[in-house]
Amino acid sequence: ADNAPGKFWLKNDQPVHLSCGGEHTAVISENGRLLMFGGNSWGQLGGGFKPAASKPASVKALKSEKVKLVACGRYHTIVCTWPGSVFVSGSNQEGQLGLGHCNNTTSFHLLQPFCDHAPIKMLSAGCNTSAALTEDGRLFMWGDNAVGQIGLGDEEFAAEPTEVDVGEAVTWVSCGYHHSAFVTADGDLYTFGDSANGRLGLQVEQLANHRVPQRVQGFLGNVTQVCCGGEHTVALTEANVYTFGRGQYGQLGHGTFLFEAALPKPLELFRNGGVKHVACGENHTAVITSTSIFKNICQLLLILLIIY
């Protein structure tokens, strides 16, 4: 789009949730409609063998459903409805659709119930991985496990949702391209998968067990959110934002000369808090702040101007 933001409007409706994948985007409206657009080379739009869609269009197959959550992976999509049904479509070469096989599909298929009908709180999708987190803190993952990115040890992949249990409730989950992370109710961060470039944030002695979830150390305060990018990770605590992993494109936010951070490193800009949400793309990072941080920055700039 010539590096300019695109705009579209939903008549008599409001967008309330969105997710971006490798080449496609999904939007959920206030009325529970699912709209999708972008690439469809693997059937990730769920509308059959159709070319890429340049405009948002409602998913006809789910028109009778009230959609609650959506997660877009690199070439697949996971959808959860308010009644608790989970639908999947797209690439399935590593079992990331959870259908019990590795055949791709260009239309949304219903997953068999896998969490004892507990309401699903959160979905996440990575390169060839998928995750679902329930309201009662149970984490299910499936798909590629070639480097341990779904935390199932020596298993090569899981073609059906499989519970990942660390003995305590999970409150947040994120799938990156080849690594994953989750946050527990106690505010601990666990990472697993590909350990290159420091993206797991683990101590040297922990790296040998990268195929199973391990607790990341070095945070001041409890971790509340985590987001995994292509080769980096961002963690939000009550007081700061920490980044680690690859930083070649500035995605760590520590300046242009820090190409890698093996351990969590706090961002000076947010050392007094004020961030309420973090998000990652393959090679970039974004945060949403509360209004107070902008007010503080403006006051600081005003003081500096007066002094100058």
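A residue is counted as buried when its relative accessible area is under 20%, and by this criterion six of the six residues of strand β19 (residues 241–246) are buried in the predicted model. Strand β19 is therefore largely enclosed by the rest of the structure. On one side of the sequence, β19 is joined by five bridges to strand β18 (residues 232–237), the two strands running antiparallel, and within this pairing Val-234 stands opposite Thr-243. Three residues lie between β18 and β19, with which they form a hairpin. Strand β19 is also joined to strand β20 (residues 260–266), through four bridges and again in an antiparallel arrangement; here Gly-245 of β19 is placed opposite Ala-261 of β20. In a regular strand the side chains alternate between the two faces of the sheet.

The residues Gly-245 and Ala-261 reappear among the contacts of Asn-197, a residue located in the loop between β15 (189–193) and β16 (214–215). Leaving aside neighbours within four places in sequence, Asn-197 is in contact with Glu-231, Gly-245, Arg-246, Glu-260 and Ala-261. With a relative accessible area of 24%, Asn-197 is classed as partly exposed, because this value is not under the 20% limit that defines a buried residue and does not reach the range over 50% that defines an exposed one. The side chain of Asn-197 makes a polar contact with the side chain of Glu-260 at 3.2 Å, and another, also listed at 3.2 Å, with the side chain of Arg-199. Asn-197 and Phe-259 are separated by 62 residues in sequence, whereas their C-alpha atoms are 9.0 Å apart in space.

A second asparagine, Asn-92, occupies the loop between β7 (86–90) and β8 (105–110). Asn-92 has a relative accessible area of 0% and is buried. Its side chain reaches the backbone nitrogen of Gln-96 at 3.2 Å, and, when residues up to four places away in sequence are not counted, Asn-92 touches Leu-97, Gly-98, His-101, Cys-102, Asn-103 and Asn-104.

The largest nonpolar core comprises 47 residues, of which Phe-114, Ile-120, Leu-139 and Leu-189 touch the most other members. Apart from this core lies another, of 13 residues, which includes Ala-26, Leu-34, Met-36 and Phe-108. For Leu-139, the contacts beyond neighbours within four places in sequence are with Ala-131, Ala-132, Leu-133, Thr-162, Glu-163, Val-164, Val-170, Val-173 and Phe-182.

An unreviewed UniProt entry lists "repeat: RCC" for residues 32–83, 84–136, 137–186, 187–239 and 239–291. Over the listed segment 137–186, the chain is 0% helix and 52% strand, with the end C-alpha atoms 12 Å apart. Over residues 187–239, the corresponding composition is 0% helix and 36% strand, and the end C-alpha atoms are 13 Å apart.

With regard to confidence, the chain averages a pLDDT of 92, and 94% of the residues score at least 70. Over residues 300–308, however, the pLDDT is below 50, and this stretch has zero contacts in the model beyond near neighbours in sequence.

Definitions and conventions: Residues are numbered from 1 along each chain as its sequence is written. This is a predicted model: local features need pLDDT of at least 70, side-chain atom pairs count only at pLDDT 80 or more; totals for chains, interfaces and linings use all residues. Side-chain values use heavy atoms; hydrogens and water are left out. Buried means under 20% relative accessible area, exposed over 50%, partly exposed in between (1.4 Å probe, protein chains only). Two strands pair if DSSP finds at least two bridges between them. Contact means heavy atoms within 4.5 Å. A polar contact is a pair of N or O atoms within 3.5 Å; within protein, one must be able to donate a hydrogen and the other to accept it, and residues adjacent in sequence count only if both atoms are side-chain atoms. pLDDT is the predictor's confidence in each residue, from 0 to 100. A nonpolar core is a set of buried Ala, Val, Leu, Ile, Met, Phe, Trp, Tyr and Cys residues joined through side-chain atoms within 4.5 Å. UniProt positions are given in the numbering used here, feature names are shortened, and annotations may be inferred rather than shown by experiment.
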